[in-house]
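Grab a coffee and take a slow look at the protein below. Turn it around a few times before you read on.

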Amino acid sequence: MSASASALVSASAVPAPLAAVPHARWITDWPATAELRARWSALATDPFGSWEWFDAAWAWAGREAQLRLLAVFEGERLAGVLPACVSIAQGRRTLRFITVPDTQFADLLVASPAQAPAVAACMAEALVAARGEWDALEFTHLRPGGAWCALRSALAARCTVDEAPFVRNLHIALDQPWAPYYAGLSKTVREKNKLAANRLARVGGLEVEWLRTSTPELLQAITQISAASWKRETGLSLDQPGPQAWCARLAQLAAERGWLSVWIGRLNGAPVAMELQLISDGTVYALRSDFVAEHAQVSPGTYLNWKLLERLFGEGLTSYYMGPGENAYKLRWTRSGAELMQLRAWSPTLRGRALHLWDTRLKPAARTLRDRLRPAKAAPEDTP
């Protein structure tokens with residue numbers, strides 16, 4: 001961070017509910033966050049707010065971003081954390097939450113909801129004072145009504161902001177009997193599951209294993225499955241440097257916290273399908289599912305998803321979050337979901353104002369014109 005931003009280690013006093021003058025401190029080196037670990041995780045309401053999650057996420061995201069974490073203190077007490085970084089693309093400096101493709105929820109962290117306005121005001125002052133360090137702010141995966149709403153209000157008094165729906169995180173209620181839930185699914189879903197079971201039975205059957213601890217053999221198995229999946233072509237498979245570092249660190253830390261949950265499907269002893277999850281306070285968060293593409297014709301992923309859900313219904317859990325995005329395979333199981341939001345703001349600089357004009361006026365107008373001039377395509381035929 002530049003000298004001007006480095007000097008911004010405090011923000012003006014804000015009124016109660018904070019008992020002492022709050023001050024904000026920029027942290028630009030991840031190892032420096034280790035001293036905050038216990039206090040940080042005490043502020044989190046789910047695994048995605050914990051220091052452990054961000055430590056693992058930074059092992060991936062930190063390869064292409066610059067850390068710009070903002071911590072607010074009330075005396076020596078940690079009152080809030082804004083786990084952010086700056087990414088640069090085409091000369092544009094965007095301040096973002098530290099996220100990876102497997103992030104499900106994000107928010108700024110505060111000691112209590114009552115303190116959110118004061119903490120947010122302190123953060124907003126520090127952000128605006130460091131306006132030369134970022135051009136636009138883009139926070140995603142936000143739960144409606146979260147602490148970020150206080151930051152939105154604080155920033156709105158200092159720069160241009162907007163918010164919009166981002167995506168839905170579909171979920172299934174697990175605190176109900178499995179039989180009526182499954183019977184209520186479409187006939188197509190149940191027939192596909194039965195077909196998968198029959199296909200697998202003809203080639204030896206799929207053995208399903210549920211693991212709650214991390215071992216080198218487990219990491220090797222899920223990495224092997226991911227590397228042989230369709231995700232290999234996307235650069236997001238677990239044999240790639242960033243995803244591999246994230247997964248290894250997360251497995252270690254999640255196991256320490258008792259969160260780790262991994263399902264493996266083995267065909268004739270060989271791992272061919274998996275799902276990586278976190279379980280906390282009765283809630284299951286499905287981070288990623290993979291299957292070996294070579295065995296797609298016998299549907300090991302479909303079968304594993306069916307059988308792990310059936311088992312989870314009987315474990316005294318409350319919810320199963322499938323991850324952001326309304327993918328077709330998720331919609332077969334549920335239409336219920338948590339609506340997530342996106343917050344954007346633009347730096348109160350000449351460059352920030354120009355980007356705001358581009359993002360909100362010129363770019364949408366150019367896209368509309370392009371769509372009007374583009375020849376209409378015939379609608380594709382339906383496929384079974």
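What follows is a walk through the sheets, the cores and a few single residues of this model.

**How far to trust it**

First things first: this is a predicted model. The mean pLDDT of the protein is 91, with 93% of its residues at 70 or more. Two stretches score low, though. Residues 1-16 have a pLDDT below 50, and beyond near neighbours in sequence this stretch makes 34 contacts in the model. Residues 378-384 also stay under 50, and here the model has zero contacts beyond four places in sequence.

**The eleven-stranded sheet**

Now for the sheets. Strands of a sheet pair through backbone hydrogen bonds, and they can do that in a parallel or an antiparallel way. One open sheet here is built from eleven strands, and its pairing is mixed. If you step across it, you meet β2-β5-β6-β8-β15-β9-β14-β13-β12-β11-β10. At the edges sit β2 (66-67) and β10 (206-211), each pairing on one side only.

Let's zoom in on strand β6, residues 92-97. With strand β5 (residues 84-89), β6 pairs in the antiparallel sense over six bridges. Across that pairing, C85 stands opposite R96 in β6. β5 and β6 form a hairpin, with two residues between them. In the turn you'll find Q90, which has a positive phi of about 55°. β6 also pairs with strand β8 (residues 136-142), and these two run parallel, joined by three bridges. Here L95 has L137 in β8 as its bridge partner. So what lies across β8? Helix α5 (residues 148-156) does, and it also lies across β9 (160-173) and β15 (337-346). Helix α5 runs at about 170° to β9.

**The four-stranded sheet**

There is also an open sheet of four strands, in the order β1-β3-β4-β7, with antiparallel pairing. Its edge strands are β1 (22-27) and β7 (109-110), and each of them pairs on one side only. Strand β4 (residues 77-82) pairs with β7 over two bridges, and V81 stands opposite L109 in β7.

**Into the cores**

Which residues have the most contacts inside the largest nonpolar core? They are W40, W53, W246, Y320 and W333, and the core has 82 residues. Helix α3 (residues 51-61) gives the largest share of this core, with eight residues. There is a second, separate core of 37 residues, which includes W26, V110, W148 and A154.

Have a closer look at W40. Leaving out residues up to four places away in sequence, W40 touches a long list of others, among them W30, W51, F54, L69 and P83. You've met V81 and L109 as partners across β4 and β7, and W40 touches both of them too.

**Four residues to click on**

Here are four residues with their relative accessible areas.

| Residue | Relative accessible area | Label |
|---|---|---|
| E74 | 12% | buried |
| D46 | 12% | buried |
| A354 | 46% | partly exposed |
| G132 | 48% | partly exposed |

E74 lies in strand β3 (residues 69-74). Is E74 buried or exposed? With a relative accessible area of 12%, E74 is under the 20% limit, so it counts as buried. Its side chain makes a polar contact of 2.6 Å with the side chain of R77.

D46 isn't in a helix or a strand: you'll find D46 in the loop between α2 (37-43) and α3. D46 is buried as well, because its 12% relative accessibility is under 20%. The side chains of D46 and R143 are joined by a polar contact of 3.3 Å. Not counting residues up to four places away in sequence, D46 touches F105, R143 and Y285.

A354 takes you to helix α12, residues 350-373. At 46%, A354 falls between the 20% and 50% limits, so it counts as partly exposed. How many residues separate A354 and D135 in sequence? The answer is 219, yet in space they are 9.6 Å apart, C-alpha to C-alpha.

G132 sits in the loop between α4 (116-129) and β8. Its relative accessible area of 48% is also between 20% and 50%, so G132 is partly exposed. G132 and Q115 are 17 residues apart along the chain, and their C-alpha atoms are separated by 28 Å.

Conventions
Residues are numbered from 1 along each chain as its sequence is written. This is a predicted model: local features need pLDDT of at least 70, side-chain atom pairs count only at pLDDT 80 or more; totals for chains, interfaces and linings use all residues. Side-chain values use heavy atoms; hydrogens and water are left out. Buried means under 20% relative accessible area, exposed over 50%, partly exposed in between (1.4 Å probe, protein chains only). A polar contact is a pair of N or O atoms within 3.5 Å; within protein, one must be able to donate a hydrogen and the other to accept it, and residues adjacent in sequence count only if both atoms are side-chain atoms. A nonpolar core is a set of buried Ala, Val, Leu, Ile, Met, Phe, Trp, Tyr and Cys residues joined through side-chain atoms within 4.5 Å. Contact means heavy atoms within 4.5 Å. Two strands pair if DSSP finds at least two bridges between them. Axes are lines fitted to C-alpha atoms, for helices over the stretch in contact, and angles run from 0 to 180 degrees between N-to-C directions. pLDDT is the predictor's confidence in each residue, from 0 to 100.
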